[in-house]
Amino acid sequence: MLDAASRIPSGTVAASRHRAGYQCRQWKVDPLGKLSLNQVSLSYPGAGIGHVGILHNVTLSLDEREFVVVIGRSGSGKTSLLNLAAGFLTPSHGSIAVDGAAITGPGSDRAVVFQDDALYPWLNARDNIGFPLKLRHVAKRVRDTRAEELLDLVGLSGSGDKKIWELSGGMRQRVGIARALASDPKFLLMDEPLGALDALTRSRMQSFLLNVWQATSTGVLLITHSIDEALFLATRVIVLEPTPGRITADIPLDFGRRHLAGESAASIRSSSAFKTAYERLTLAIHTETAEFAA
Ligand SMILES: Nc1ncnc2c1ncn2[C@@H]1O[C@H](COP(=O)(O)OP(=O)(O)OP(=O)(O)O)[C@@H](O)[C@H]1O
Ligand SMILES: [Mg+2]
């Protein structure tokens with residue numbers, strides 16, 4: 001079962017979306033959305049040889065009920081893929097769209113969390129979370145209400161006044177995720193968000209991420225180097241092979257959903273299905289395909 005820190009009050013965010021007091025309508029009310037990359041290729045200036053660049057012909061679509069994890073060897077283009085989805089980079093070929101509309105840059109429908117996401121040390125936890133809304137001129141009262149809901153969501157009720165240096169690494173990362181959720185994005189894009197945490201905190205944060213995903217119906221695209229983490233969290237694991245980065249496997253999984261349904265992390269990890277999936281994913285990551293080898 002989940003520990004107290006990772007437990008989420010049910011319906012908090014969903015209920016907030018319909019609360020009459022809000023003056024702004026950035027909270028999500030529309031139907032299921034899709035983030036899609038269609039035959040995307042990317043070359044950095046000066047990188048690659050001939051037509052072979054950083055990413056080659058990547059087609060991937062993610063809907064708001066999915067938790068997609070991207071894994072692959074170092075340099076396979078995972079961060080580049082996430083930066084494309086975020087709109088920080090423009091593809092050399094192909095297109096990227098949200099709900100069928102081509103994206104031309106970053107947008108509030110996609111929030112990004114990096115491994116060492118910097119919080120603002122001069123602001124307390126509540127004001128850090130409300131900061132993206134401040135940029136959008138949302139009133140302080142509304143920002144504070146939203147921040148308190150998100151503090152509840154990430155298991156930090158009552159910590160709004162805490163300064164950043166009073167928070168542990170895991171708590172900081174939860175504030176960072178709460179801040180990313182402040183504008184109620186359709187998609188949460190995370191680049192190794194748990195990579196800097198110790199093993200115990202990391203495993204609690206995995207349960208936490210699953211709970212946030214379930215509570216917010218936000219589509220997740222998460223990058224990790226950990227095979228165990230990919231298997232435990234993902235509804236689909238995408239394997240990228242390097243040089244150039246391309247998708248070589250797309251594997252549906254249900255271990256995260258089993259955990260959300262109440263099965264313990266230990267029981268899941270010791271199951272033969274998990275061990276078999278671990279072996280297969282390890283093989284998928286480390287077996288080179290011949291297509292670009294020549
Ligand atoms: N700004 C850039 N300019 C030129 N080349 C870049 C740039 N950023 C990344 N690259 C190259 O693109 C390739 C893919 O990099 P990327 O950071 O996307 O890989 P990654 O899979 O995230 O790696 P890691 O697992 O080490 O984080 C690498 O060969 C890298 O050197
Ligand atoms: Mg990377």
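Just after helix H4, glycine 155 takes a positive phi of about 75°. The model is predicted. H4 itself spans residues 140–153 and has 14 residues. From its first C-alpha to its last, H4 reaches 20 Å, close to the 20 Å expected at 1.5 Å a residue. Its buried residues are Arg143, Arg146, Ala147, Glu149, Leu150, Leu151 and Leu153. An α-helix has 3.6 residues a turn, so residues three or four places apart point the same way.

The chain around H4 holds 10 helices and 10 strands. Buried residues make up 40% of its 294 residues. Among contacts with a separation of 6 or more, 73% join residues 24 or more positions apart.

Helix H3 covers residues 125–135 and packs against H4. The angle is about 125°, and the axes lie 8 Å apart. Because angles over 115 and up to 145 degrees count as oblique, H3 and H4 are oblique to each other. The crossing of H3 past H4 is right-handed. On the H3 side, the contact is made by Ala125, Arg126, Ile129, Gly130, Leu133 and Lys134. On the H4 side, Arg143, Asp144, Arg146, Ala147, Leu150 and Leu151 take part. These residues of the contact divide into six nonpolar, one polar and five charged.

H3 has its own set of buried residues: Ala125, Arg126, Asn128, Ile129, Gly130, Pro132 and Leu133. What covers them includes H4 and H5. After H3 comes histidine 137, whose phi is positive, near 60°.

A second helix pair is formed by H5 (residues 169–181) and H6 (residues 199–216). These two pack at an angle of about 20°, with their axes 11 Å apart. Angles under 35 degrees count as roughly parallel, and H5 and H6 are therefore roughly parallel to each other. H5 passes H6 in a right-handed crossing. H5 contributes Gly169, Gly170, Gln173, Arg174, Ile177 and Leu181 to the contact. H6 contributes Thr201, Arg204, Met205, Phe208, Val212 and Thr216. The residues of this contact divide into five nonpolar, five polar and two charged.

Threonine 216, one of the H6 residues in that contact, is buried, with 23 other C-beta atoms within 10 Å. Threonine 216 also lies 8.4 Å from aspartate 184, C-alpha to C-alpha. In sequence the two are 32 residues apart. Aspartate 184 is found in the loop between H5 and strand E7 (187–191). With 21 C-beta neighbours inside 10 Å, aspartate 184 counts as buried, since the cut-off is 20 or more.

Backbone geometry sets a few residues apart. Most residues other than glycine have a negative phi, and most peptide bonds are trans. Aspartate 184 has a positive phi of about 55° although it is not a glycine. Asparagine 57 is another non-glycine residue with a positive phi, near 55°. Asparagine 57 lies in strand E2, residues 55–63. It is partly exposed, with 14 other C-beta atoms within 10 Å. Aspartate 184, in contrast, counts as buried.

A cis peptide bond joins threonine 243 and proline 244. Its omega is about -5°. Proline 244 is found in the loop between strand E9 (236–241) and strand E10 (246–252).

Further along the chain, leucine 260 lies in helix H8, residues 255–260. With 14 C-beta neighbours inside 10 Å, leucine 260 counts as partly exposed. Leaving aside its neighbours within four places in sequence, leucine 260 is in contact with Leu210 and Gln214. The C-alpha atoms of leucine 260 and glutamine 214 are separated by 8.1 Å. Along the chain, these two residues are 46 residues apart.

How values were computed. Residues numbered from 1 in each chain as written. Chains lettered and ligands numbered in written order. Predicted model: local features only at pLDDT ≥ 70, side-chain atom pairs only at ≥ 80, totals over all residues. Helix = DSSP H or I, 4+ residues; strand = E, 2+ residues; numbered from the N terminus. Expected span 1.5 Å × (residues − 1). Buried ≥ 20, exposed ≤ 12 C-beta atoms within 10 Å, placed from the backbone. Axes fitted to C-alpha atoms, helices over the stretch in contact; angles between N-to-C directions. Parallel < 35°, antiparallel > 145°, perpendicular 65-115°, else oblique. Left-handed = near helix turned anticlockwise from the far one by under 90°. Contact = placed C-beta atoms within 7 Å. Nonpolar A, V, L, I, M, F, W, Y, C, P; charged D, E, K, R; others polar.
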